[in-house]
Amino acid sequence: MKSRNILLLTSLLGSFLLSFFLHQSWNFNSWLDTLFLVGLLLLVITAIMVLVEVEFFVTFINSFTYFFGRINKKEQIILESEKRTHERINYQKNFPSRKPLFQIGILLCVISLLISTTIYYFGR
């Protein structure tokens, strides 16, 4: 629970500071835009962590390794002389819990969308 609160406060502070860097002045609309971007960034980081953890790219890496090993004559000669086959490369990585990143990313995106929608439809 503590890490979720720290992540939420860091995201809010980061969106506040990032709105200064992106828009050179602070107003509520630019802060909402930046808050949405920070939420999207958290969601993209979570998606990348999921793809790496479920070994999505391992089959591509192994296919390219096998393909280029078959094309390269020098590699074939080395493999035959050492009497070994193409080993499967394992890139498994376990990340800590992604649940807080996902929840805070969704929360920031939904809140900024709801507030932006109400401002747009009901005026200022």
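Me: Which residues of helix 1 are buried?
Reply: This is a predicted model, and in it helix 1 runs for 22 residues. Its buried residues pack against helix 2 and helix 5. They are Ser11, Ser15 and Ser19.

Me: How far does helix 1 reach from its first C-alpha to its last?
Reply: With 22 residues at 1.5 Å a residue, you'd expect 32 Å. The model comes out close to that, and the reach is 32 Å.

Me: What residue with a positive phi follows helix 1?
Reply: Once helix 1 is done, the chain goes through a residue whose phi is near 60°. That one is glutamine 24.

Me: Is tryptophan 26 buried, partly exposed or exposed?
Reply: Tryptophan 26 sits in the loop between helix 1 and helix 2. To count as buried it would need under 20% relative accessible area, and to count as exposed over 50%. Its own figure is 36%, so tryptophan 26 is partly exposed.

Me: Which helix gives the most to the nonpolar patch?
Reply: The patch covers about 1000 Å² of surface, and its members include Leu13, Phe16, Trp26 and Leu40. Helix 1 and helix 2 each supply at least two of its residues. With 7 residues, the top contributor is helix 1.

Me: Which helices do the buried residues of helix 2 pack against?
Reply: Helix 2 covers residues 28-53. Its buried residues include Ser30, Thr34, Gly39 and Thr46, along with nonpolar ones such as Leu35 and Met49. They pack against helix 1 (2-23) and helix 5 (99-122).

Me: And what phi does glutamate 55 have?
Reply: Glutamate 55 comes after helix 2, and its phi is positive. The value is near 55°.

Me: Where does the largest share of the largest nonpolar core come from?
Reply: That core has 9 residues in all, namely Trp31, Leu32, Leu35, Val38, Leu42, Met49, Leu101, Ile104 and Leu108. Two elements give two or more residues to it, helix 2 and helix 5. The largest share, 6 residues, comes from helix 2.

Me: What is valine 38 in contact with, leaving aside its neighbours within four places in sequence?
Reply: Valine 38 is one of the buried residues of helix 2, and it belongs to the largest nonpolar core. Two of the buried serines of helix 1, Ser11 and Ser15, are on its contact list. In full, that list is Ser11, Ser15, Leu18 and Leu108.

Me: Is isoleucine 45 buried, partly exposed or exposed?
Reply: Isoleucine 45 is found in helix 2. The buried class stops under 20% and the exposed one starts over 50%. At 35% relative accessibility, isoleucine 45 therefore counts as partly exposed.

Me: What separates the C-alpha atoms of isoleucine 45 and phenylalanine 102?
Reply: Along the chain these two are 57 residues apart. In space, their C-alpha atoms are separated by 8.8 Å.

Me: Stepping back, what share of contacts between residues at least 6 apart in sequence join residues at least 24 apart?
Reply: The protein has 5 helices and 0 strands, in the order α-α-α-α-α. Among contacts between residues at least 6 apart, the share that joins residues at least 24 apart is 67%.

Me: How much of the accessible surface belongs to carbon and sulfur atoms?
Reply: Of the 124 residues, 20% count as buried. The accessible surface totals about 9400 Å², and the part belonging to carbon and sulfur atoms is 69%.

Notes. Residues numbered from 1 in each chain as written. Predicted model: local features only at pLDDT ≥ 70, side-chain atom pairs only at ≥ 80, totals over all residues. Heavy atoms only, no water. Helix = DSSP H or I, 4+ residues; strand = E, 2+ residues; numbered from the N terminus. Buried < 20%, exposed > 50% of the residue type's maximum accessible area, 1.4 Å probe, protein only. Contact = heavy atoms within 4.5 Å. Areas by Shrake-Rupley, 256 points an atom, 1.4 Å probe, with all protein chains shown as cover. Expected span 1.5 Å × (residues − 1). Patch = residues over 30% accessible without salt bridge, like charges linked within 9 Å, V, L, I, M, F, W, Y side chains within 5 Å. Salt bridge = Lys/Arg side-chain N within 4 Å of Asp/Glu carboxyl O. Core = buried A, V, L, I, M, F, W, Y, C linked by side-chain atoms within 4.5 Å.
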